[in-house]
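Student: Could we go through this protein together? I'd like to start with the charged pairs and then look at the nonpolar parts.

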Amino acid sequence: MRSSLKISNAWIADGSGAPLFKGEVLISGGTVSAVGKDVSGGAAADRTIDLRKQVLAPGFIDAHGHSDLALLAHPDGFSKVSQGVTTEIAGNCGLCAFCLSGRNRAHLENLYANYNYPLAWRDYRSFQTALKKRGVALNLPALCGHNSLRAAIAGYEKEKLSETELQDMCALLDAQLKQGAVGLSAGLLYVPGIFATTGELVELMRVVSRHDKIFTTHLRSEGKTLLESLEETLAAARAAGLKRIQISHFKTAGRDNWGKLDAAIALIEKARAENIRVTVDRYPYTESMTQLSVVLPGKWDALPDRTIQQKLQNDEECRQLAADLRAARAPGYWQGVRLVSTTGNHRADSGKFLAGISADPAMLVVELLRHDAPGTTAAFSGMSRENLERILDLDYCMPGSDGNALPVSGDPNGTHPRAFGAIARFLRLRLDRTGDIARSVYRATGLPAQTFQLDAGKIAVGAAADLVAFDPETINSFADFTNPCRIADGILFTIHQGGIVYQA
């Protein structure tokens, strides 16, 4: 039988955004059994923690993560729980680890090979069963990823779907949503999402709308055609009658596009005025991270990473791609592209800019992708600090790490500092700009819970005992690319389902 725990002398931020109040919380059987100024009238607790007037909040919700396989490989979820995260929304950017078929299983097994964990499931229900059996330290509700969904029906290289294939996609999506998937995510920058027409998205959105769930999107462009990409998503939602939209890692990428933020916000707020609940998530950094292969020009842009790697086993293809890259990218471009993770000879260069690793960055890219295209990632400079702060100020913006759950030792191949720091840093920036603890906590708890329709993000009798205690004066992250796995400051302890899963 699970022991009971009383947390006393706490300032309680209950996740609703209401003002803090001084009180106690009693936990028993994995749920909150009492909340109030004095809960001593209930059954005696087996243990009491005096919080000494620090803040007790619902466990934080990472609104945008990619721990689908990472949490199975590292069930303690250390990089998450050490920031106070007890729930992550997975399956983002069109990529999920379910909807497996003979057309996409080999690709996904290759993509996730570094986790050395078998994909021994097929659909959302069996994926969640695997997580439960593994005893993971987080709740991991997941979106159905459009790229995985599309590839399950038509593979990764087919551009135009037949009507039958589209209807099969809709049926498969419907099944995942019935099983509990929290919505549909798109990654329209990646293969095969890059091939999707607006009409395809509308048909899938109609399925999501029937379930009153959410569509999240990594837009086709976050830079040059940001506004057109945003307009496409909102127009498709209107056509489908969809009322819930999340813009993933909302940003204006590239200095030439920084001035588009006002227009982008205007588009979002126009839709919100039309009763379309548009929300956004954002990591509090000005460097993004994704597959290095996104830098490739021309025909290469439409190829999956595994195919890129196979083609680059040909020396002539390597020489030609390097020449194309030199022609497509100005020499100064490589000074803003940082190698984050890879395998092989250049693992020791993780965290360095490509221009500092090689005098010929284009050929370096080719070499890296020839060795390990699926596993090589990079960070890209080019976001505005001022725009970041303005986005974080939006009252419908919530924190999303865009990162994986990692063990205490981190990722030996390198990672973005957001993996260990995004949620803590988001709260630090909100507290510094507003001083409002309750509303800052709401952004990381109640808001994402409402957005994804989760029974989470609150401290209330009967709620799951997913909690975090933190010091509002010191909560922060100082992780950077030199030391990306530095543990966040100010988190005192994290409780998941009534048990302490992290303690400073």
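**Charged pairs and nonpolar cores**

Tutor: Let us begin with E389 and R385, whose side chains meet in a salt bridge with an N to O distance of 3.1 Å; please keep in mind that the model is predicted.

Student: OK, and how far apart in sequence are E389 and R385 in helix α14?

Tutor: They are four residues apart in helix α14, which means that about one helical turn separates them. Salt bridges that share partners also join R385 and E389 with D393, R430 and R433 into one network.

Student: Are E389 and R385 buried or exposed, or something in between?

Tutor: Something in between: E389 counts as partly exposed at 23% relative accessibility, and R385 is partly exposed as well, with a relative accessible area of 38%.

Student: How many salt bridges turn up in the whole structure?

Tutor: A search of the whole structure finds 26 of them. One of these is formed by D262 and R390, whose closest N and O atoms are 2.6 Å apart. This pair links distant parts of the chain, since D262 belongs to helix α9 (residues 261-273) and R390 to helix α14 (residues 385-393), with the two positions 128 residues apart.

Student: And what about E316 and R319, how do their side chains meet?

Tutor: They too meet in a salt bridge, at 3.1 Å from N to O. E316 and R319 are three residues apart in helix α11 (residues 315-328), so about one helical turn separates them. E316 is partly exposed, with a relative accessible area of 44%, and R319 is also partly exposed, at 48%.

Student: Switching topic: which residues touch the most other members of the largest nonpolar core?

Tutor: That core has 107 residues, and those touching the most other members are F60, F98, W121, F127, L173, I245 and F250. Helix α15 (residues 418-434) gives the most to this core, contributing nine residues.

Student: Can you pick one? What does I245 touch?

Tutor: If we leave out residues up to four places away in sequence, I245 touches M205, I214, F215, T233, A237, I276, R277, V278 and T279. Apart from the largest core lies another one, of 24 residues, with W300, V337, V365 and A378 among them.

Student: Why would nonpolar side chains be buried together?

Tutor: I can only offer the general pattern here, which is that nonpolar side chains in soluble globular proteins tend to be buried together.

Conventions
Residues are numbered from 1 along each chain as its sequence is written. This is a predicted model: local features need pLDDT of at least 70, side-chain atom pairs count only at pLDDT 80 or more; totals for chains, interfaces and linings use all residues. Side-chain values use heavy atoms; hydrogens and water are left out. A salt bridge is a side-chain nitrogen of Lys or Arg within 4 Å of a carboxyl oxygen of Asp or Glu. Buried means under 20% relative accessible area, exposed over 50%, partly exposed in between (1.4 Å probe, protein chains only). A nonpolar core is a set of buried Ala, Val, Leu, Ile, Met, Phe, Trp, Tyr and Cys residues joined through side-chain atoms within 4.5 Å. Contact means heavy atoms within 4.5 Å.
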